[in-house]
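Subject: Handover of a structure

Dear colleague,

Here is the structure I said I would pass on. Please open it first; my notes follow below.

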Amino acid sequence: MDPDGTVKNSGLCLTALSTVELSACSAGSAEIQKFTLEKNGNLHLTAHKDSCLALQGGDGPGLTVAKCKSGATGKNEEF
């Protein structure tokens, strides 16, 4: 994760829309490309602290953005 909150791979940025995907990085790192990693392992959109990155269906392989949960039901949100 870069200091500005972007998550990059092969020159592309992790982007959270209705799905989570790698796409071209936006100038100034768009709101949909800025993330915060919490101490508990939750990775959420910086602008939407209640929207956590989660493994789709509980165990992937896809990713989605869902309302943050805690405890056993939130295990698929801890990275």
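A residue is called buried when its relative accessible area is under 20%, exposed when that value is over 50%, and partly exposed in between. By that measure, 4 of the 5 residues of strand β6 (residues 51-55) are buried, so β6 is largely enclosed by the rest of the structure. Please keep in mind that this is a predicted model.

Strands β6 and β7

Strand β6 is joined to strand β7 (residues 63-67) by 5 bridges, and the two run antiparallel. One place to find this pairing is S51, whose bridge partner in β7 is K67.

L55 also lies in strand β6. Is L55 buried or exposed, or does it fall in between? Its relative accessibility is 27%, so L55 counts as partly exposed. Leaving out residues up to four places away in sequence, L55 touches G60, G62, L63, N76 and F79. The C-alpha atoms of L55 and V65 are 8.6 Å from each other, with the two residues 10 apart along the chain.

The sheet of β1, β2 and β3

An open sheet is formed by 3 strands, in the order β1-β2-β3, with antiparallel pairing. The edges are β1 (8-9) and β3 (20-24); each has a single partner strand, so one side of each is left without a neighbour in the sheet.

Between β1 and strand β2 (residues 12-16) there are 2 bridges, in the antiparallel sense. Here K8 stands opposite C13 in β2. Strands β2 and β3 are also antiparallel, and they pair over 5 bridges. In that pairing A16 stands opposite V20 in β3. The connection from β2 to β3 is a hairpin through 3 residues.

In a regular strand the side chains alternate between the two faces of the sheet.

The salt bridge

How many salt bridges does a search of the whole structure find? The search finds 1. The side chains that meet in it are those of K8 and D2, at 3.2 Å from N to O. Side chains of opposite charge can pair when their charged atoms come close. K8 has 47% relative accessibility and therefore counts as partly exposed. D2, at 28% relative accessibility, also counts as partly exposed, because partly exposed covers the values between 20% and 50%.

The nonpolar core

Which residues make up the largest nonpolar core? There are 7 of them: L14, A16, V20, F35, L43, L45 and L53. The elements that give two or more residues to this core are β2 and β5 (43-45). For a look at the surroundings of one core residue, take L14. Apart from neighbours within four places in sequence, L14 is in contact with V7, V20, E21, L22, I32, Q33, F35 and L53.

The disulfides

The structure holds 2 disulfides. A disulfide is a covalent bond between the sulfur atoms of two cysteines.

One of the two joins C13 to C25, with an S to S distance of 2.0 Å. C13 lies in strand β2 and C25 in the loop between β3 and β4 (35-37), so this pair ties together parts that are 12 residues apart in sequence. The torsion about the S-S bond of C13 and C25 is about 100°, so the disulfide is right-handed. The two ends are not equally covered: C13 counts as buried at 1% relative accessibility, whereas C25 counts as partly exposed at 35%.

The other disulfide is formed by C52 and C68, whose sulfur atoms are 1.9 Å apart. C52 lies in strand β6 and C68 in the segment after β7, so the pair ties together parts that are 16 residues apart in sequence. The link of C52 and C68 is right-handed, with 100° about the S-S bond. C52 is buried, at 0% relative accessibility, while C68 is partly exposed, at 23%.

With bonded cysteines counted along the chain, the disulfides follow the pattern 1-2, 3-4.

Where to start

If you have little time, begin with strand β6, which is largely enclosed by the rest of the structure and which contains C52 of the disulfide to C68. Then turn to strand β2, which pairs with β1 and with β3, holds C13, and gives two or more residues to the largest nonpolar core.

Regards

Note on methods:
Residues numbered from 1 in each chain as written. Predicted model: local features only at pLDDT ≥ 70, side-chain atom pairs only at ≥ 80, totals over all residues. Heavy atoms only, no water. Pairing = 2+ DSSP bridges. Buried < 20%, exposed > 50% of the residue type's maximum accessible area, 1.4 Å probe, protein only. Salt bridge = Lys/Arg side-chain N within 4 Å of Asp/Glu carboxyl O. Contact = heavy atoms within 4.5 Å. Core = buried A, V, L, I, M, F, W, Y, C linked by side-chain atoms within 4.5 Å. Disulfide = S-S within 2.5 Å.
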